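User: Please take a close look at one helix contact in this model. Then follow the chain and the strands around it, and explain the assignments as you go.

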Amino acid sequence: MISIQGVSHAIGGKRILNDVTTQIAQGGITALIGPNGAGKSTLLSLIARLEPLQTGRILVDALEIGACSDQVLAQHLSILPQMADHTPRLTVKELVGFGRYPYNRGRPTAQDDAKVAQALDMFGLNLFAGRTLDTLSGGQKQRAHIAMIFAQDTDYVLLDEPLNNLDIAAGRSLMKTLQSMCADHRKTIVIVLHDINVASRYADHIIAMRDGSVIKQGRPAEIVDSSLLQDVFETDAPVVKVEGTNLVLM
């Protein structure tokens, strides 16, 4: 479980998060949604210790952010930031191998090689293993980055808008793969999503934010409705149920 307790944060004197207290249960996909400037990415970066905590506490199971070592935390929690970018001349296999650094510190073992091979296979990247990143499509490159995170083999995976710049087919494929990571490998994924319909379709739990605060949270079928759209997005777009999923008509 990720426990967030009274977290506030300001950047340049501007308050970004306001006394956020919530819990993210272990297992499944939890989506952070909300309008631009809601504080979603900031909250994710604080959980991932990319930004220092100013106020409050965050615990990942028994590990307290800011109190435990980065190396220990990196074996329990991984993150793919929104602007993940690596040297374009890296091969896919080299990139995925970076996921093992918290364990081998640059000295890969046979176990590390096995984890990399598993990640390449799971994400359908075997044919691309020797290719450099600059030769891949956007969808292939994103799969390679997610494979790197999978190779890190952490219980918790944080993803900041991983669907950016992906077409419908690539985005749908990625979300199904994330569901498989949870179901087959017992991962807990926390993902910032721009599209509420993607969150409603694929997430097990939604945390809706606005102006640095948590406004609503719960299962998509329970909270994705007209009141959520009004309270969080200030819009009166209609909500319809399609094959059991609440979808917003744009």
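Analyst:
**A helix crossing and what follows it**

Helix H5 (residues 110-122) and helix H6 (residues 138-151) have axes that come within 9 Å and cross at roughly 140 degrees. The model is predicted. Two numbers are given for a reason: two packed helices are described by the angle between their axes and the distance between the axes. Angles over 145 degrees count as roughly antiparallel, and 65 to 115 as roughly perpendicular. The crossing angle falls in neither range, so H5 and H6 are oblique to each other. Their crossing is right-handed.

Which residues make the contact between H5 and H6? From H5 come Lys-115, Gln-118, Ala-119 and Met-122. From H6 come Ala-147, Phe-150 and Ala-151. By class, this set divides into 5 nonpolar, 1 polar and 1 charged. Lys counts as charged, so Lys-115 is the charged member. Gln-118 is the polar one.

Now follow the chain out of H6. Asp-153 lies in the loop between H6 and strand S7 (156-160). Its phi is near 60 degrees, a positive value in a residue other than glycine. That deserves a remark because most residues other than glycine have a negative phi. Asp-153 is partly exposed, because its relative accessible area of 31% lies between the 20% and 50% cut-offs.

The next loop offers a second case. Glu-161 sits between S7 and helix H7 (168-185). Its phi is positive too, near 50 degrees. Is Glu-161 buried or exposed? Glu-161 is buried, because its relative accessible area is 14%, under the 20% limit.

A third positive phi belongs to a hairpin. Strand S9 (residues 205-210) and strand S10 (residues 213-218) pair in the antiparallel sense over 5 bridges. The hairpin has 2 residues between the strands, and Asp-211 takes a positive phi near 50 degrees there. Within the pairing, Ala-208 has Lys-216 in S10 as its bridge partner. S9 also pairs with strand S3 (residues 28-33), this time in parallel, through 4 bridges. One partner pair there is Leu-32 with Ile-207 in S9.

Further along the chain, Thr-245 lies in strand S12 (residues 245-248). Thr-245 is buried, because its relative accessible area of 13% is under the 20% limit. Its contacts, beyond residues up to four places away in sequence, are Ser-200, Arg-201 and Val-240.

Back towards the N terminus there is another helix to weigh against the first pair. In helix H1 (residues 40-47), 7 of the 8 residues are buried, so H1 is largely enclosed by the rest of the structure. Lys-40 is among the buried residues, as are Thr-42 and Ser-45. The others are Leu-43, Leu-44, Leu-46 and Ile-47. Just after H1, Arg-49 takes a positive phi of about 60 degrees.

Last comes an open sheet. Its 4 strands have the order S2-S1-S4-S5, with antiparallel pairing. Strands S2 (14-24) and S5 (63-64) are the edges, each pairing on one side only. Between them, strand S1 (residues 2-11) and strand S4 (residues 55-60) are joined by 5 bridges. Ile-4 stands opposite Ile-58 in S4.

How values were computed. Residues are numbered from 1 along each chain as its sequence is written. This is a predicted model: local features need pLDDT of at least 70, side-chain atom pairs count only at pLDDT 80 or more; totals for chains, interfaces and linings use all residues. Side-chain values use heavy atoms; hydrogens and water are left out. Buried means under 20% relative accessible area, exposed over 50%, partly exposed in between (1.4 Å probe, protein chains only). Contact means heavy atoms within 4.5 Å. Two strands pair if DSSP finds at least two bridges between them. Axes are lines fitted to C-alpha atoms, for helices over the stretch in contact, and angles run from 0 to 180 degrees between N-to-C directions. Angles under 35 degrees count as roughly parallel, over 145 as roughly antiparallel, 65 to 115 as roughly perpendicular and the rest as oblique. A crossing is left-handed if the near helix is turned anticlockwise from the far one by less than a right angle, and right-handed if clockwise.
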